[in-house]
Amino acid sequence: MSATPPNAARARRAPSRVAVIGTGLIGASLGLALRRLDDVEEVVGYDADPAELEIAVKRGAVSRAASSAREAAEGVGLAVLAVPLSAIGSVAAEVAPVLPKGSLLTDVASVKGRAVEALQAAAPAGVHVIGGHPMAGSHETGASHASADLFVGATYLLTPTTHTDAGAFEQLHALISRIGARPLAVEPERHDLLVAVVSHLPQLAATTLMNLASERARSEHAGLLLLAAGGFRDATRVAASNPDLWLEICGENRDAIISVLDDYVDRVERLRAVLAGSDDAGLRRVLDDAREARRTLPGKEVPAGTFVELLIAIPDRPGLLAEVTTTVGGVGVNIEDLSIEHAAEGGRGVLRLQIAGEHAAAVARGALEQRGHEVVERIR
């Protein structure tokens, strides 16, 4: 199962040797997904926890285990740092010097600002840095729960910057598509604001609700939690997540999370006022708005139907690729595939974007033209 358009990213070769540093749930799942690809000859793994690494080897998530992060990264075309955010700087400093020129260095951290800065600071000239964050996971942890299908249909955020090499971005974008995920480009700083809403706040809300129910069960009715039905269990599922992970995330993305919490508290207070005032009409509006928004929430679907190709003339200047891809991502449109045709003697090249669906393509084209880009549209 793949989210890749026919004859697009599927034909582009992956790096033949990959290093996965950190073989927990995400790292091991990436290893399993990458090892499905015929052109990935070897996935070398390393984890600071020997038990996790052993499980990853037994489950086939890595071809072989390395004795250090540095050893794992030697000579590979892609190094993925699936380590805690607090370790990214030190691990990047260890592996980046042994990466060959032209190789890719990425991560999977859920807070991108500091992570991208750390990767860029460690990478020598010729090693291409692109931050990444797969919006997939589970409240379960560790390589024993890894799955090659974890990323199928899921959004995989990429965070290009003005330093991002166009060819490197094209290669990583294609690779992410080939494991079934849907790459979406966003600036690192904007990423941290967005995930505070869709990931970090839900975690804290679930934690608060679970603690409230638990305290009520202890103080008022011991059988309260026996009444917990599907809605409560769905709403609090992520409360079972690893506390150490969330301590780190909340520390790194503190300002964005506090800002979102303030908005959330304001809405809860307004909802309380509606209830206290017996404002049935106001309550219905709140419920209807949420119901409609939930119905339009995108699912984990494989693109189908018409693919539209957008051709954008691009001058040879730093940051242009990041501007184009994050503009499209900013209006909620996934780029299913992209390719760059460089001008023979420099100057203006052509960036080709494949978009699933004519409506999505029109939205993307409008956003790009508002930024002053010339766009030609072709239906494939």
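Me: In which loop is Glu374 found?
Reply: In this predicted model, the chain passes through helix H13, which covers 358-370, and strand S13 covers 375-379. Glu374 is found in the loop between H13 and S13.

Me: Does Glu374 count as buried or exposed?
Reply: The relative accessibility of Glu374 is 56%, and the cut-off for the exposed class is over 50%. Because its 56% falls in that class, Glu374 counts as exposed.

Me: What distance separates the C-alpha atoms of Glu374 and Ala69?
Reply: Along the chain, Glu374 and Ala69 are 305 residues apart. In space, the separation of their C-alpha atoms is 44 Å.

Me: Is Leu99, in the loop between H4 and strand S5, buried or exposed?
Reply: Leu99 lies in the loop that links H4 to strand S5 (104-107), and residues under 20% relative accessible area are classed as buried. Since the relative accessibility of Leu99 is 6%, this residue counts as buried.

Me: Which residues does Leu99 touch, not counting residues up to four places away in sequence?
Reply: Asn242 stands 32 Å from Leu99, C-alpha to C-alpha, and is 143 residues away in sequence. Once residues up to four places away in sequence are set aside, Leu99 touches Ala73, Val76, Ala79, Leu105 and Val127.

Me: How are helices H4 and H5 oriented, roughly parallel or roughly antiparallel?
Reply: Helix H4 (residues 88-95) packs against helix H5 (residues 113-122) at an angle of about 25 degrees, and their axes are 9 Å apart. Angles under 35 degrees count as roughly parallel, and therefore H4 is, relative to H5, roughly parallel.

Me: How many residues of the contact of H4 with H5 are nonpolar?
Reply: H4 passes H5 in a right-handed crossing, and the contact is made by Ile88, Gly89, Ala92 and Ala93 of H4 together with Ala115, Ala118, Leu119 and Ala122 of H5. Among the residues of this contact one is polar and no residue is charged, while the number of nonpolar residues is seven.

Me: Which strands stand at the edges of the open sheet with the order S7-S8-S9?
Reply: The open sheet has three strands with mixed pairing, and its neighbouring strands are turned by 25 degrees against each other on average, direction ignored. An edge strand has a single partner strand, so one side is left without a neighbour in the sheet, and this applies to S7 (131-134) and S9 (182-185).

Me: Which residue in S8 is the bridge partner of Gly131?
Reply: S7 and strand S8 (residues 155-159) run antiparallel and are joined by four bridges. In S8, the bridge partner of Gly131 is Thr159.

Key. Residues are numbered from 1 along each chain as its sequence is written. This is a predicted model: local features need pLDDT of at least 70, side-chain atom pairs count only at pLDDT 80 or more; totals for chains, interfaces and linings use all residues. Side-chain values use heavy atoms; hydrogens and water are left out. Axes are lines fitted to C-alpha atoms, for helices over the stretch in contact, and angles run from 0 to 180 degrees between N-to-C directions. Helices (H or I, at least four residues) and strands (E, at least two) are DSSP runs, numbered from the N terminus. Angles under 35 degrees count as roughly parallel, over 145 as roughly antiparallel, 65 to 115 as roughly perpendicular and the rest as oblique. A crossing is left-handed if the near helix is turned anticlockwise from the far one by less than a right angle, and right-handed if clockwise. Contact means heavy atoms within 4.5 Å. Ala, Val, Leu, Ile, Met, Phe, Trp, Tyr, Cys and Pro count as nonpolar, Asp, Glu, Lys and Arg as charged, and the others, Gly among them, as polar. Buried means under 20% relative accessible area, exposed over 50%, partly exposed in between (1.4 Å probe, protein chains only). Two strands pair if DSSP finds at least two bridges between them.
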